[in-house]
Amino acid sequence: MGIIFFKRKKKEAPVPPPPPSLPAASSEKLALASFNNLLLGAFVVNTQTNTLPLLNPTAKRMLGIQAATPSLASVINALPPTYDLQKQLKEAVASQKPGDEKEITLEEKTFAVSVVPVSTVSAAVLLRDITFEASLQKVKEDFIHMMVHELRAPLTAIKGAAQILEKDKSSKQDFNKMISIIQEQSKKLLDQVSSLLDLAKIEASRFVIQKTPSDVKKLVSQVAEVFQPQAVNKSIALTAKIGSSIPLTVVLDPIRIGQVLNNFVSNSLKFTPAGGAITIEASISKETPKKLTVKVKDTGVGIPKEKQKEIFSKFYQVGQKTDDDPNTHIPGTGLGLYIAKQIIEAHKGTIDLVSDEGKGTTISFSIPL
Amino acid sequence: MAKVLLIDDDQALISVFQTALKNEGYQTVVAFDGKSGFERAKSEKPSLILLDQVLPDIQGNEVLKLLKDEPQTKDIPVAMLSNFGQDQLIKGAINAGAVDYILKYQVEPQDVVHKIKGMLKDGGA
């Protein structure tokens, strides 16, 4: 007698009954409501009849269309002339594949436009507002341009000085000058790299200061001394004024506060024309709680009002636009002021700027004693 | 002896180019910003101007336009010397009459001296 095996049938889950179907009219209303409430701008074009069966309120707003029932022609007119809508629609319908996303600008806003076939004769056009992403991208590009420039400038001077030394045609005085340039510019390069590292620490919330009783008079005098040769070269009068009420020592991070002062004076030197004046002034406030205030005042070109409130922002640089192309923005002073603000705030202090375009700038910080 | 005006706010780089030019027998004058550069061009009447793009007061291409609009300086050859090489800047400079656009980080001082010799031979003062 053979053994008979029975394969046990798997117990299948009971099949749920199909949901009751919506009446056709309700399905369409639901689809239309979803279409109209999309955050995306959307419209549908029938390429056979050249009509616009659907256009949602978001698209109307994005395109600046006021008419209650706009025509396809009015939509085409609202788009920039560089964007060929008819071509995109024709290609999408013919290939039955979505076209590549394109970028357009309308009234200073940037949109990503994509065309998707929905039938053999119609295609949907989707508009997505990417103004914020585009501005971030621009900020990133400007930052990279700025950093490349800030790193290239000292390297170019070092390379040039080294070549002059190699040629060995120079006098002893010029020889010493070139050595001095290599040393100063190497330090400048190191400072730039340190700024990038500081930025990384700030971003990672790992930026710390080390406070110690410090001689403020010596700190301010040293900064003035370091920048004196540059000031003399540019015929700028650089002076330091130290208030008599400043105590022998103040508890602060001398390296970081030195960094802040170096940045202030360096910016003033850069933006003050020949014959101008820069004053570094340190004093103790009369009111309580007592504060140490250090100001750097110059007779430079000043900062336009509209740029002043952003000047301490991380990626904002007071740069120059060109008449040739307003989109060619040449970055300016870089990370220095943003890092300076972080340093002062780590000292529980405040940083301040007063500037008049064409007259000069006073930048200052105050830290509690 | 030909005179070259250097307009650049980078004092270190100016020292380097000044030394290189002096060693080749050129006289040099310097300015650290656009407006004083324009004034020095009028007063010194150099044979050639090397002009930086990024200056503290006005942009290099704007200084170039001032130089080309001014009867006293319009015929002085101007070569841009910059670390910024964006197409729009180069195009703007050439359209405004620059004879060359030199990217600083790509050249040694001797290369610049060599270019200056060529520019002056081609029709500088």
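**Exercise 1. Identify the residues with the most contacts inside the largest nonpolar core, and the helix that gives the most to this core.**

Solution. The largest nonpolar core has 45 residues. A nonpolar core is a set of buried Ala, Val, Leu, Ile, Met, Phe, Trp, Tyr and Cys residues joined through C-beta atoms within 7 Å. A residue is buried if 20 or more other C-beta atoms lie within 10 Å of its own, exposed if 12 or fewer, and partly exposed in between, with C-beta atoms placed from the backbone. Inside this core, B:Val16, B:Phe17, B:Ile49 and B:Leu51 have the most contacts. Helix α1 (residues 11-23) of chain B gives the most to the core, with 7 residues. Apart from this core lies another, of 37 residues, which includes A:Leu219, A:Ile236, A:Leu292 and A:Ile344.

The model is predicted: local features need pLDDT of at least 70, side-chain atom pairs count only at pLDDT 80 or more, and totals for chains, interfaces and linings use all residues. Residues are numbered from 1 along each chain as its sequence is written, while chains are lettered from A and ligands numbered from 1 in the order in which they are written.

Next, take the neighbours of B:Val16, not counting residues up to four places away in sequence. B:Val16 touches A:Ala157, A:Gly160, A:Ala161, A:Ile164, A:Ile181 and B:Pro109. Two residues are in contact if their C-beta atoms, placed from the backbone, lie within 7 Å.

**Exercise 2. Describe the side of chain A that touches chain B, by element and by residue class.**

Solution. Start with the totals: 33 residues of chain A are in contact with 31 residues of chain B. The elements of chain A that give two or more residues to this side are α5 (131-167), α6 (172-203), α7 (216-233) and α8 (254-271). Of these, α5(A) gives the most, with 11 residues. Helices (H or I, at least four residues) and strands (E, at least two) are DSSP runs, numbered from the N terminus. By class, this side of chain A has 12 nonpolar, 11 polar and 10 charged residues. Ala, Val, Leu, Ile, Met, Phe, Trp, Tyr, Cys and Pro count as nonpolar, Asp, Glu, Lys and Arg as charged, and the others, Gly among them, as polar.

**Exercise 3. Classify the packing of α5(A) against α6(A), then that of α7(A) against α8(A).**

Solution. Two packed helices are described by the angle between their axes and the distance between the axes. Axes are lines fitted to C-alpha atoms, for helices over the stretch in contact, and angles run from 0 to 180 degrees between N-to-C directions. Angles under 35 degrees count as roughly parallel, over 145 as roughly antiparallel, 65 to 115 as roughly perpendicular and the rest as oblique.

- α5(A) and α6(A) pack at about 155 degrees, with their axes 9 Å apart. The two helices are therefore roughly antiparallel.
- α5(A) passes α6(A) in a left-handed crossing. A crossing is left-handed if the near helix is turned anticlockwise from the far one by less than a right angle, and right-handed if clockwise.
- The residues that meet include A:Ala157, A:Ala161 and A:Ile164 in α5(A) and A:Ile181 in α6(A). By class, the contact of α5(A) with α6(A) has 14 nonpolar, 3 polar and 2 charged residues.
- The axes of α7(A) and α8(A) come within 10 Å and cross at roughly 30 degrees. α7(A) is therefore roughly parallel to α8(A).
- The crossing of α7(A) and α8(A) is right-handed. Residues of the contact include A:Leu219, A:Val223 and A:Phe227 of α7(A) and A:Ile257, A:Leu261 and A:Val265 of α8(A).
- By class, the contact of α7(A) with α8(A) has 10 nonpolar, 3 polar and no charged residues.

**Exercise 4. Locate A:Pro289, A:Asn50 and A:Ser205, and state the backbone feature of each.**

Solution. Most residues other than glycine have a negative phi, and most peptide bonds are trans.

- The peptide bond from A:Thr288 to A:Pro289 is cis, with omega near -5 degrees. A:Pro289 is in the loop between β9 (277-284) and β10 (291-298) of chain A.
- A:Asn50, not a glycine, has a positive phi of about 55 degrees. A:Asn50 lies in the loop between β1 (41-46) and β2 (51-55) of chain A. This residue counts as partly exposed because it has 13 C-beta neighbours inside 10 Å.
- A:Ser205 has a positive phi near 55 degrees. A:Ser205 lies in the loop between α6 and β6 (212-214) of chain A, and counts as exposed because it has 7 C-beta neighbours inside 10 Å.
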